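The following exercises concern a single protein chain. Each task is followed by a solution that proceeds step by step.

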Amino acid sequence: MTKKTVTAQYPDVQPDLPPRSRGVIGLFEENCTVCMLCARECPDWCIYIDSHKETVPAAAPGGRERSRNVLDRFAIDFSLCMYCGICIEVCPFDALFWSPEFEYAETDIHELTHERDKLREWMWTVPAPPALDPAAEEPKEIATARKTAEKLAATQATQATQATQATPNEPTEPADRTEPTGPAEPQEGTS
């Protein structure tokens with residue numbers, strides 16, 4: 001009650017949004033493999049995906065042809081969406097992201113179904129992820145990979161030192177071994 005009221009002049013001055021605000025969903029189409037996980041996991045069934053299969057010729061001679069899914073339509077009906085973020089969480093290829101855009105109101109509810117072109121435009125408004133905390137604990141996957149690499153490097157180093165200890169001047173075979181006696185093979189150039 002002691003503070004002066006401040007009116008936000010919204011259309012002229014854009015509001016400062018929190019860093020993780022949920023506006024709309026942006027689509028990074030290059031990462032989408034049409035696995036349909038987002039559409040299957042959506043509790044509102046507001047994601048519509050259409051695709052077809054294409055045959056990719058063999059990369060090398062003798063190889064086999066492969067088939068891949070090609071995205072034809074990716075649409076989200078924002079009149080049904082409840083902004084839960086499940087589609088973004090389940091996407092295994094990082095094709096969906098939260099965009100802070102919130103000005104997409106329409107006069108007709110049927111126009112709130114946005115196709116992949118509009119979703120791609122919103123992708124470029126997605127903020128960069130925050131920097132990692134330097135004091136944070138290292139992820140267990142990276143720690144395990146580092147330990148495995150260190151063990152492999154130590155094993156290779158011991159093998160290399162053992163190989164250098166055996167000098168080429170010293171015979172590596174037992175000395176009492178005799179060469180087989182037999183007819184000598186003719187050398188090249190002699191008959």
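**Exercise 1. Identify the buried residues of helix 3 (residues 116–123) and describe how they are arranged and what they pack against.**

Step 1. Helices (H or I, at least four residues) and strands (E, at least two) are DSSP runs, numbered from the N terminus. The model is predicted, with local features needing pLDDT of at least 70 and side-chain atom pairs counting only at pLDDT 80 or more, while totals for chains, interfaces and linings use all residues. Residues are numbered from 1 along each chain as its sequence is written, and side-chain values use heavy atoms, with hydrogens and water left out.

Step 2. Apply the burial criterion: buried means under 20% relative accessible area, exposed over 50%, and partly exposed in between (1.4 Å probe, protein chains only). In helix 3 the buried residues are Leu119, Trp122 and Met123. They lie on the same side of helix 3, because they cover an arc of only 110 degrees around the axis; the arc is that of the directions from the helix axis to the C-beta atoms.

Step 3. Find the partners, where contact means heavy atoms within 4.5 Å. The buried residues of helix 3 pack against strand 1, strand 3 (66–77), strand 4 (96–99) and strand 5 (113–114).

**Exercise 2. Determine how many salt bridges a search of the whole structure finds, and place the pair Glu29 and Arg116 in the chain.**

Step 1. A salt bridge is a side-chain nitrogen of Lys or Arg within 4 Å of a carboxyl oxygen of Asp or Glu. Side chains of opposite charge can pair when their charged atoms come close. Searching the whole structure yields six salt bridges.

Step 2. In the salt bridge between Glu29 and Arg116, the closest N and O atoms are 3.1 Å apart. This pair links distant parts of the chain, 87 residues apart: Glu29 is in the loop between strand 1 and helix 1 (37–41), and Arg116 is in helix 3.

Step 3. Check accessibility. Glu29 counts as partly exposed at 23%, and Arg116 counts as partly exposed at 22%.

**Exercise 3. State what the salt bridges Glu115 with Arg73 and Glu121 with Lys118 each connect.**

Step 1. Glu115 and Arg73 meet through their side chains, at 3.0 Å from N to O. The pair ties together parts that are 42 residues apart in sequence, because Glu115 lies in the loop between strand 5 and helix 3 and Arg73 in strand 3. Glu115 is partly exposed at 34% relative accessibility, and Arg73 is partly exposed at 28%.

Step 2. The side chains of Glu121 and Lys118 form a salt bridge at 3.7 Å, N to O. These two residues are separated by about one helical turn, because they are three residues apart in helix 3. Lys118 is partly exposed, its relative accessible area being 33%.

**Exercise 4. Count the disulfides and examine Cys38 and Cys87.**

Step 1. A disulfide is a pair of cysteine sulfur atoms within 2.5 Å. The structure holds zero disulfides. Cys38 is in none, the nearest cysteine sulfur being that of Cys35, 6.3 Å away.

Step 2. For Cys87, the closest cysteine sulfur is in Cys84; the distance of 6.3 Å is too far for a bond.

Step 3. Cys38 counts as buried at 9% relative accessibility, and Cys87 is buried at 8%.

**Exercise 5. Describe the surroundings of Val56 in strand 2 (residues 47–56).**

Step 1. Val56 counts as partly exposed, at 30% relative accessibility.

Step 2. Leaving aside neighbours within four places in sequence, Val56 is in contact with Glu65, Arg66 and Arg68.

Step 3. For Val56 and Arg68, the C-alpha to C-alpha distance is 7.1 Å, and the sequence separation is twelve residues.

**Exercise 6. Characterise the chain as a whole by its secondary structure, burial and contacts.**

Step 1. The chain contains four helices and five strands, which follow the pattern β-α-β-β-α-β-β-α-α along the sequence.

Step 2. Of the 191 residues in the chain, 19% are buried.

Step 3. Among contacts with a separation of 6 or more, 71% involve residues 24 or more positions apart.
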